[in-house]
Amino acid sequence: MKERIIEIIHKYHADKTRLMDIMLDIQDECQYIPEECLDILSKELVLSIADIEQTISFYHFFSQKPRGKYQVYINQSAVAYMMGQSDIIEAFEDELGITLGSVTEDGAIGIFGTADIGMNDQEPAILINKRVFTQMTPYRVRQLIDDMKAGKDVKDMAVKAPGSGKNSDPLIDAMVHSNIFRIGPLLANDYKPFDYLKDNLSKIKAESIVEELKKSNLRGRGGAGFPTGLKWDFCRKSSGHDKYVICNADEGEPGTFKDRVILTEMPELVFEGMAIAGYTIDAHYGILYLRYEYKYLETYLNDLLNRMREEHLLGENIAGISGFNFDIRIQFGAGAYVCGEESALIESMLGKRGEPRDKPPFPVEQGYLDQPTAVNNVETFAAVVKILTKGADWFKKLGTADSAGTKVLSISGDCQFPGIYEVEWGITIQDMLDMVGAKKTQAVQVGGPSGTLIGPEDFQRSICYTDLSTGGSMIIFNRDRNLLKDVVRNFMEFFIDESCGSCSTCRIMPAVMLDKLDKILHGKGVKQDIRDLEEWGTVLKASRCGLGQTAGNPIVMSIKNFRHLYNQLLNRDELKYNGFNLEEAIQESCQVVGREPVIDHGHLKNGRERPECKANGTHKPECPDLSGHKDFEHRATNL
Amino acid sequence: MSKPVIATTSLAGCFGCHMSLLDIDERILELIELVEFNKSPINDIKKLTKPIDIGIIEGGCCNSENVEVLRYFRENCKTLISFGECAIMGGLPALRNGIPVEECIKEAYLDGPTVQLNKDKVLPNDPELPIILDRVYPCHEVVKIDYYLPGCAPRADFIWEAVVALVTNNEMAVPYEVFKFD
């Protein structure tokens, strides 16, 4: 095995920044990262074992323990459960006699939970050895298990169906549906691949591209909405011996799947946009950071990149422009939501834990390999090509005054036609609900769990950067759903799992908040608990990145817009209940050291007085009793 | 109107938050114009002598004494602030949560690699000693807390703005750089 591992390492020139690729290859080979690999990796890459292990432990899809010949990953998103994921898990557990998170005794099949895999419009969905199986039923689970027990290749399993659109392309061959229900200017089929790159790029200066983008008011489509022209301008003007273009296709926000569809149906548009970015900022390398869940697109996308190279659309002197050298490679993630944050994504591409960097400096100054880097969303690159082809004025006419253009929405949950809809910015939520055939809607989650949860009183609000901003995720819940138990709780668990752990606020506070939510769900909540939760939402704002800052949003936003759901669960008879009992809390340690569970804090009075004090806390150890003090009118309710 | 009265204490903390409080530097002179300090490790006043308007708590509760002091502050402070990571979430001391108390005590007094002098294998059981709790509790799990000032430690500017906003009855407006975690 050693030779094979060394071969893999040298395939990537023993470059430690390619640790992700190396470990993904090792895992393909061994099904996990065996202990003996660490020494080899450490020596060949000149990295400490701790460095390697911390990267392994960060990502869901890396494991140091065998996870089975067939690794089944079951989507844990709220929508998956709404569509019956519990039955799927139960079917797997019953048939295999193991629980979620374990492997059968013979080491053949392992079943694990994983965060949203970007299939919200065709749930329940699972992954087996990188292959996607959508619209699962318990019957299909039994079929899959029979096939796995028979040792069949995942491609030959009985659960099989042609995917729609280009998913049935032999290079993809996935039972995935593109579900495009509304096309607009971006997804329109008037696009002729690479026409702009071939015919027009040589006629325009880089500065003019920046100006055109600034004029168009194009803002980042990943969610944060940073003006693209400005970003490219910064990057262009930053000094560095190399510059990089990165396409962020990590889309981990639960409920988002539009980048998957864009990359399936029109990847040419995205790669053309990346090449144009390369030309504009003077970068020679572009990297598509693709989430591991979309590994099934690898062959298809690499095939396209190869064809581009053959047609001199990548490589040297592209499109006859002397000195315009640019190439693109695909970097896979290994399962981590936070890597969607641009600096975390860069860290991940360097083979490290995907922890967001402290900013400044921003990636446009010091990004990949500390060089100026422009990181943009898949949809943004696609929009750039359309803007340059049709003009900034055309683009600005679409949408609203402050949100130009269109937005590709990923709509899922309780509606007739979940899927992809390209709409102009400014559409109201009510129009959107009518468009997708949603009835009896209780709430809409705008922008994924980190966004906002709104109720009917907000359905006349519009989708745009200045009102309801979104990176594309729209999840609809009808009146039969238990919002707190089935949605808010699921989202909080998601944030707890996905925190990188760097800031203690984000590492701990969401868990503390979930405890409090559970307390309320168990009927033990009091009014003060709601206030605490709201306060803690602001404590989270101290975190380094957007994930941490918004990790309390499922609770904070549901309190804001669905306060009645909380209120009806509260215990109104009590002002305060926190379950703390000093007598119980000291029992254990008293037993260990062999002393009476009696509290005596006489020592605080310099040994002069040593009044006995029972653990019920009536004694005030440190200070005089102020209860009769004339200035003091408060007291009563605060305890 | 008399000046608002402030008291501070450190429970299971490292005093880092109090150090950060001192980092307001010469503004401490402005502060004493605004408020009156009562019991605090900074002025070494040991006992509360009057009802307190603002109580500032550093650290969570790891032993019975912490609980008693915290309850005492709650009873005598109109407004109580959890100050810093440990008070709000337990912080570093809470790393022991999840490890049985017995294991912690034995590691500290019997089995730890640096334990050399405890030849008689005595566990601390003098009645004068505070009793270790089963786990470290953040302050809000013991008493009601009114405000939370995050940070490890909270920056001096943040503390300054918070206290000034509270005593002048204004909304606190601090830029992200002032209260961010890093």
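The exercises below, each with a worked solution, deal with chains A and B of a predicted model.

**Exercise 1. Describe the overall make-up of chain B, beginning with its helices and strands.**

Begin with the elements themselves: the secondary structure of chain B comes to seven helices and seven strands, and along the sequence these follow the pattern β-α-α-β-β-β-α-β-α-α-β-β-α-α. Next take the extent of the chain, whose C-alpha trace spans about 60 × 35 × 30 Å along its principal axes. Then turn to burial, where buried residues make up 51% of the 182 residues in chain B. Finally consider the contacts with a separation of 6 or more, of which 75% are between residues 24 or more positions apart.

**Exercise 2. Work out in what order the five strands of the open sheet in chain B are arranged, and which strands lie at its edges.**

Strands of a sheet pair through backbone hydrogen bonds, either parallel or antiparallel. In chain B the order of the five strands is β2-β1-β3-β5-β7, and the pairing is parallel. The edge strands are β2 (36-37) and β7 (147-149) of chain B, each of which pairs on one side only.

**Exercise 3. Follow strand β5 (residues 77-83) of chain B and describe its surroundings.**

Step one is to look at the β3(B) side, where six bridges join β3(B) to β5(B) in a parallel arrangement, with I54(B) standing opposite T79(B) of β5(B). Step two is to look towards β7(B), which pairs with β5(B) in the parallel sense over three bridges; here I81(B) stands opposite Y147(B), and F83(B) stands opposite L149(B). Step three brings in helix α3 (residues 64-76) of chain B, which lies across β1 (5-10), β3 (52-58) and β5 of chain B and runs at about 135 degrees to β5(B). The last step concerns burial: six of the seven residues of β5(B) are buried, and the strand is mostly covered.

**Exercise 4. Explain why strand β9 (residues 327-332) of chain A is described as largely enclosed, and identify a strand that pairs with β9(A).**

Burial here means under 20% relative accessible area. Five of the six residues of β9(A) are buried, so this strand is largely enclosed by the rest of the structure. As for pairing, six bridges join strand β8 (residues 285-290) of chain A to β9(A), and the two run parallel; within this pair G286(A) stands opposite I328(A).

**Exercise 5. List the buried residues of helix α3 (residues 35-45) of chain A and say what they pack against.**

The buried residues are C37(A), L38(A), I40(A), L41(A), S42(A) and L45(A). An α-helix has 3.6 residues a turn, so residues three or four places apart point the same way. The buried residues of α3(A) pack against α1 (2-11), α2 (19-30) and α4 (49-58) of chain A. After the helix comes V46(A), whose phi is positive, near 50 degrees.

**Exercise 6. Describe the largest and the second largest cavity by volume and by lining.**

The structure holds four cavities of 30 Å³ or more. In the largest there is about 80 Å³ of space, and its lining, which includes H60(A), D116(A), R291(A) and Y337(A), has three nonpolar, three polar and five charged residues. The second largest holds about 60 Å³ of space; among its lining residues are C500(A), C503(A), C506(A) and C545(A), and by class that lining has seven nonpolar, three polar and one charged residues.

Technical notes: Residues numbered from 1 in each chain as written. Chains lettered and ligands numbered in written order. Predicted model: local features only at pLDDT ≥ 70, side-chain atom pairs only at ≥ 80, totals over all residues. Heavy atoms only, no water. Pairing = 2+ DSSP bridges. Helix = DSSP H or I, 4+ residues; strand = E, 2+ residues; numbered from the N terminus. Contact = heavy atoms within 4.5 Å. Axes fitted to C-alpha atoms, helices over the stretch in contact; angles between N-to-C directions. 1 Å grid on protein atoms, 1.4 Å probe; cavity = no way out; pocket = protein on both sides within 12 Å on 5 of 7 lines; lining within 4 Å. Points joined across faces, edges and corners; volume = space filled by probe spheres on them. Nonpolar A, V, L, I, M, F, W, Y, C, P; charged D, E, K, R; others polar. Buried < 20%, exposed > 50% of the residue type's maximum accessible area, 1.4 Å probe, protein only.
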